[in-house]
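Here is a small set of exercises for you, each with a worked solution. Keep the structure open beside you and try each task before reading on.

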Amino acid sequence: MNELIKITDMTGKYEISARTLRYYEDMGLLASTRSDDYAYRLYDDAAVQRLEQILILRKLNISIKNIQRIFTSPGSEAVLEVLNQKVDDIDDEVALLHELKEVVLAFIEQIKAADFSRDSDVKLLYEKAQDIETQLSEVTDKFSQKENIVQKYPHFSVGLGGFESDEQTREVFALYQEAFGAVKTWEDLPYGSPPGNLHIGMEINGFGFIITTQGDQGLIPYGAVSFNMHFSDEESWRKAYDTLTREGSNYSTQSWPHAPISGMVKDKFGIGWWLHT
């Protein structure tokens, strides 16, 4: 039997965080095991090899989506296609950088030729600087449209504590998944904690939430918070409204100039939602 490696040894050896390992597992890229007498995650030789493959691909700035595709495709066709596309992307990036370099070099030459003691030259440089700003903006916009050049991460998330059990915390996520299409980003018992301290990360329309089991020591009492949710159509609004009020409570719907359909509901867990179209 292969020797199992502790999560702390994995994070130390490969200089990555435990949360990153959990994320790879949630994305289906990596598998761990747990034993009844040991609370932490354990990894076998196959998992170690898979992690090394993931880290190689991430160093090449290959997206998680493409790594999933590589691992689920037989043979080497998928990885070769992804890497060839990466070469094309690099060529595009080099071209953009060269374009950016030429813009800056041209402005340097204009500054060298100018006489800062003459008002006419200063005015001309000011006008040129405005043109340069526009050109730089156009080039950087092209960069932002390239996959993986600009990576965006959530900077803020709302913590929802107060749920009585791990089972209830999972029920909370299931409700918001049905109502809003919430996506689970991770799930774990931090620091090898026993049941009763479950944490689930989720996103709703790109906004982050962390729902936790806190028993009687909840961080947020029921009903202490409420959220506004806007929908692009009545059908999606109705689905959320009906789902949340199925075992919760609702108030009469209203119509406003900025929101043709609006209603306040309190779901079965005591969280309030203002739902608008």
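**Exercise 1. Find which residues of helix α7 are buried, and describe how the helix ends.**

*Step 1.* Buried means under 20% relative accessible area, exposed means over 50%, and partly exposed is in between (1.4 Å probe, protein chains only). In α7, the buried residues are Asp166, Gln168, Thr169, Val172, Phe173, Leu175, Tyr176, Ala179 and Phe180.

*Step 2.* Before going on, know your material: this is a predicted model, where local features need pLDDT of at least 70 and side-chain atom pairs count only at pLDDT 80 or more, while totals for chains, interfaces and linings use all residues. Residues are numbered from 1 along each chain as its sequence is written, and side-chain values use heavy atoms, with hydrogens and water left out.

*Step 3.* Helices (H or I, at least four residues) and strands (E, at least two) are DSSP runs, numbered from the N terminus. With 15 residues, α7 reaches 21 Å from its first C-alpha to its last, close to the 21 Å expected at 1.5 Å a residue. That expected span is 1.5 Å times one less than the number of residues.

*Step 4.* Just after α7 comes Gly181, with a positive phi of about 75°.

**Exercise 2. Work out which elements build the largest nonpolar core.**

*Step 1.* A nonpolar core is a set of buried Ala, Val, Leu, Ile, Met, Phe, Trp, Tyr and Cys residues joined through side-chain atoms within 4.5 Å. The largest one has 29 residues, and those with the most contacts inside it are Tyr176, Phe180, Ile204, Leu244, Trp273 and Leu275.

*Step 2.* Two or more residues each come from β4 (157-163), α7 (166-180), β6 (199-204), β7 (207-213), β8 (226-230), α8 (234-245), β11 (259-266) and β12 (272-276). Helix α7 gives the largest share, six residues.

*Step 3.* Do not stop at one core: a second, separate core of 20 residues includes Ile7, Leu29, Ile67 and Val82.

*Step 4.* Now zoom in on Leu244. Contact means heavy atoms within 4.5 Å. Leaving aside neighbours within four places in sequence, the contacts of Leu244 include Leu175, Tyr176, Ala179 and Phe180, as well as Trp273 and Leu275.

**Exercise 3. Describe the surroundings of Thr243: is this residue buried or exposed?**

*Step 1.* Thr243 has its place in helix α8. Its relative accessible area is 5%, so Thr243 is buried.

*Step 2.* A polar atom of the Thr243 side chain lies 2.7 Å from the backbone oxygen of Lys239.

*Step 3.* Leaving aside neighbours within four places in sequence, Thr243 is in contact with Leu175, Glu178 and Ala179.

**Exercise 4. Trace the partners of strand β6.**

*Step 1.* Two strands pair if DSSP finds at least two bridges between them. Strand β5 (residues 183-188) and β6 pair in the antiparallel sense over five bridges, with Val183 opposite Glu203.

*Step 2.* β6 also pairs with β7 in the antiparallel sense, over six bridges. Here Ile204 stands opposite Phe207.

*Step 3.* β6 and β7 form a hairpin with two residues between them, and Asn205 in the turn has a positive phi of about 55°.

*Step 4.* Why is β6 largely enclosed by the rest of the structure? Because five of its six residues are buried.

**Exercise 5. Follow the aromatic pairs around Trp273.**

*Step 1.* Rings of Phe, Tyr and Trp (its six-membered ring) pair if their centres lie within 6.5 Å; planes under 30 degrees apart count as stacked, over 60 as edge-to-face and the rest as tilted. The structure holds nine such pairs.

*Step 2.* The ring centres of Phe180 and Trp273 are 4.7 Å apart and their planes are at 45°, so this pair is tilted. Phe180 lies in helix α7 and Trp273 in strand β12, so the pair ties together parts that are 93 residues apart in sequence.

*Step 3.* Phe227 and Trp273 form another tilted pair, 5.1 Å centre to centre with 40° between the planes. Both residues are buried.

*Step 4.* Look at the backbone as well: β8 and β12 run parallel, joined by five bridges, and Phe227 stands opposite Trp273.

*Step 5.* Finally, ring pairs link Tyr176, Phe180, Phe209, Phe227, Phe231 and Trp273 into a cluster.

Notes: Polar contact = N/O pair within 3.5 Å; in protein donor to acceptor, adjacent residues only side chain to side chain.
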